[in-house]
Amino acid sequence: MALTAPPAPTSPPRGALTGGPPPLHGLLLCVALPHLAISADHGQLTGSGIEGYYQAGRRVLSRCRLRVADREPVALQGRLVNAGLAHFLSVVRTAADTGPDPELSVERLRDADGTERITVHSAAPGPRRFPVEIAFGSDLCDLAAIAAGRAGPELPATVHGGGLRWAAADGSSAVVTAEPPPQEALAAPGLLRWSLEVPSGGSRTIELRIRSGRPVRATGRAVGGMLAPAVAEGDDPRVGRLFAASLADLRALLQRGPGGPGDVYPAAGVPWRCGPPAAEALWAVRMALPLGTELAAATLRALARGQIREEGEDLGRIPGPLRDAGPHLPPSCTGIEATLAFPVVLAEARLWGLPERDLDELLPAAERCLRWLRSALGDGEPLGEPGPDGPRRASTQAHAHRAALLGADLLAACGRPGADELRQAADGLRRRFLRTFWIDDPSGGRPAAARTADGRPLPWPSADLAHLLDTGLAARGGQAPGLLDPGRSARVAKVLTSPALDSGWGLRGLGGREPGHNPFGHRAGAVRVHETAVAISGLAAAGHEKEAAMLLRGLLDAAESFGYRLPEMYAGRQRSAGGAPVPHPAACRPAAVAAAAGVHVVAALAGIGPDVPGGLVALHPLHDAPLGAVRLSGLRVAGEPFSVRVGRLGLGVVEEAASGLQLGS
């Protein structure tokens, strides 16, 4: 039986425009921002596609190809050990082997931080000596150019202190060094060579270090303590696996801003969206509040720095980029979403136990957001997108209503004026929504997903409607009133769990039979994990536990298929017996809202509702315990460890909590 090396992976020519960003779904992404390592499961960095080591958005190494005993190892397995570390295993068949089985095996541990350990093991009956060589290449190309299919050619290398160095015309550079140093370094082909002698049953290790020539901010690993080291466990072991992977991905996505050690926020997603924080960062930290309030405070601080403070109609608004909104609507303004989310996150963080000093610091920015909201609602119309032709979206009305009510509670609790005006604004939003968005029909009616500027309803079913059930955390651990009464909420529950939206793996962005549906469309039919998670918790809070459990099981099945690292989205193709969710080739993985969603849906099983200023915490567990018994330990409420257990009968018990907190109903 002979083993031969697989053919070298093929790809379009370097720099060729292929009609979109390079595919990600078959790659392993090690993340410790601002560092990334992206590779196929065979472990070789071939210089094709998006493979490589990245630091601060620049590819410092595009090629790292190993040969042992003049042969390329035969790849057997590649997997993620954790969010920032990948393990690859291969074997090498040589003429010196005493039988048909390979006697040399190779392990590679690749860390996102730019280190790699290559260990060669020998099972030969005697000592073996053989050459090892690694071919390197670097193009020092920006990730944005690679995404656009404009990667440049590899740069010439020079020998540098026993390693290799590359330099670009813009002054950037990269260096690779090795321990032990190579016996030979060749600049022209970019080769480092060793002659290794390995005893019988022994091993030898080469450690590589890849570094940028420019200063790079420290990785977010140093501030991973902002998120509590919580653990989930239960009758269904997948609960613990999803929770652990989601927490690890959230930590890996933390990145430092320019404002010093405390300037930390989650990147929206790797590898495409690692820029300044925007709306998705706020949704992520909101869903991660059970892990503590520190990250929420830091992210709010980062967004407040960019808030518009000049007098005018935009005073208080947080700027943000435009985002695709599907086939029937123009791009939406994520800045409006962030502006409405800001006071909500601050209000809920206060209930989870945000320290007074953070609350006092962030309250003025929240007040400016709420001032913008009152001004934007001044014309008596539903809140729309910027510009005279901007549509009115149902989800935007839900965000505005939530911001008004929770903002009013926040202002009243802090002794600030404006609470009554915000409650009146919320009442007006509710009346206008029922008048302009609710479509009556014989089945009981349904909400329009949006209305055009001229008032025409757009009635298609959309996962975006899940936000109508996300009413927000209120005093005494309950839920704030929503836009809809219980009867209309039940109709939304039916729409969300209908075959048109529920793919069996999660909710489609657009109903499967609607014009313009595309199962791979970002908001045109793909499953976006965030919206499915919002639907699960919203359905549970509204009393629709059967529907919540159905969506939860589908999402958990999808998570298992993706190795518990949920991507931001995947194809909305209908589930079939024996099938698996289909990945989206360009989806970020990990993504902040998807990672936080894993934490959110597991926490929803316990239904934790804190009111730290009121001295209590309420539990609203799913009474039918759809995944059996669940225990969550090491959460944070009032800055102290909090543990809760939900039994198989759906009864919740607090096992650990800060002193002074009482269990409320």
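Me: Where is Pro180 found?
Reply: Pro180 sits in the loop between strand 14 (173–179) and strand 15 (184–186). Helices and strands here are DSSP runs (H or I over at least four residues for a helix, E over at least two for a strand), numbered from the N terminus. The bond leading into Pro180 from Glu179 is a cis peptide bond, with omega near 5°.

Me: What kind of model is this, and how are things counted?
Reply: It's a predicted model, where local features need pLDDT of at least 70 and side-chain atom pairs count only at pLDDT 80 or more, while totals for chains, interfaces and linings use all residues. Residues are numbered from 1 along each chain as its sequence is written, and side-chain values use heavy atoms, with hydrogens and water left out.

Me: How confident is the predictor in the chain?
Reply: The average pLDDT (the predictor's confidence in each residue, from 0 to 100) is 93, and 96% of the residues score at least 70. Over residues 1–18, though, the pLDDT is below 50. That stretch still has 30 contacts in the model beyond near neighbours in sequence, a contact being heavy atoms within 4.5 Å.

Me: How many helices and strands does the chain have, and what makes it as compact as a globular protein of that length?
Reply: There are 12 helices and 35 strands. The radius of gyration is 27 Å, and the globule rule gives 26 Å for 665 residues; those values are close, so the chain is as compact as a globular protein of that length. (The radius is taken over C-alpha atoms, and the rule is 2.2 Å times the number of residues to the power 0.38.)

Me: Why is Ala69 called buried?
Reply: Buried means under 20% relative accessible area, exposed means over 50%, and partly exposed is in between (1.4 Å probe, protein chains only). Ala69 has 16% relative accessibility, so it counts as buried. Ala69 also has a positive phi, near 55°, in a residue other than glycine.

Me: And what makes Tyr564 buried?
Reply: Tyr564 comes in at 11%, so it counts as buried. Its phi is positive too, near 70°.

Me: How do you know that helix 12 has close to its expected span?
Reply: The expected span is 1.5 Å times one less than the number of residues. Helix 12 (592–604) has 13 residues, and its first and last C-alpha are 18 Å apart, close to the 18 Å expected. Helix 12 is also mostly covered, with 12 of its 13 residues buried.

Me: Why do Asp235 and Arg648 form a salt bridge?
Reply: A salt bridge is a side-chain nitrogen of Lys or Arg within 4 Å of a carboxyl oxygen of Asp or Glu. Here the closest N and O atoms are 2.7 Å apart, so the pair passes. The two residues are 413 residues apart in the chain. Asp235 is partly exposed because its relative accessibility is 38%, whereas Arg648, at 62%, counts as exposed.

Me: What makes Arg565 and Asp249 a tie between parts of the chain?
Reply: Their closest N and O atoms are 2.9 Å apart, forming a salt bridge. Arg565 lies in the loop between helix 11 and strand 29 and Asp249 in helix 2, so the pair ties together parts 316 residues apart in sequence. Arg565 is at 6% relative accessibility, so it counts as buried; Asp249, at 4%, is buried as well.
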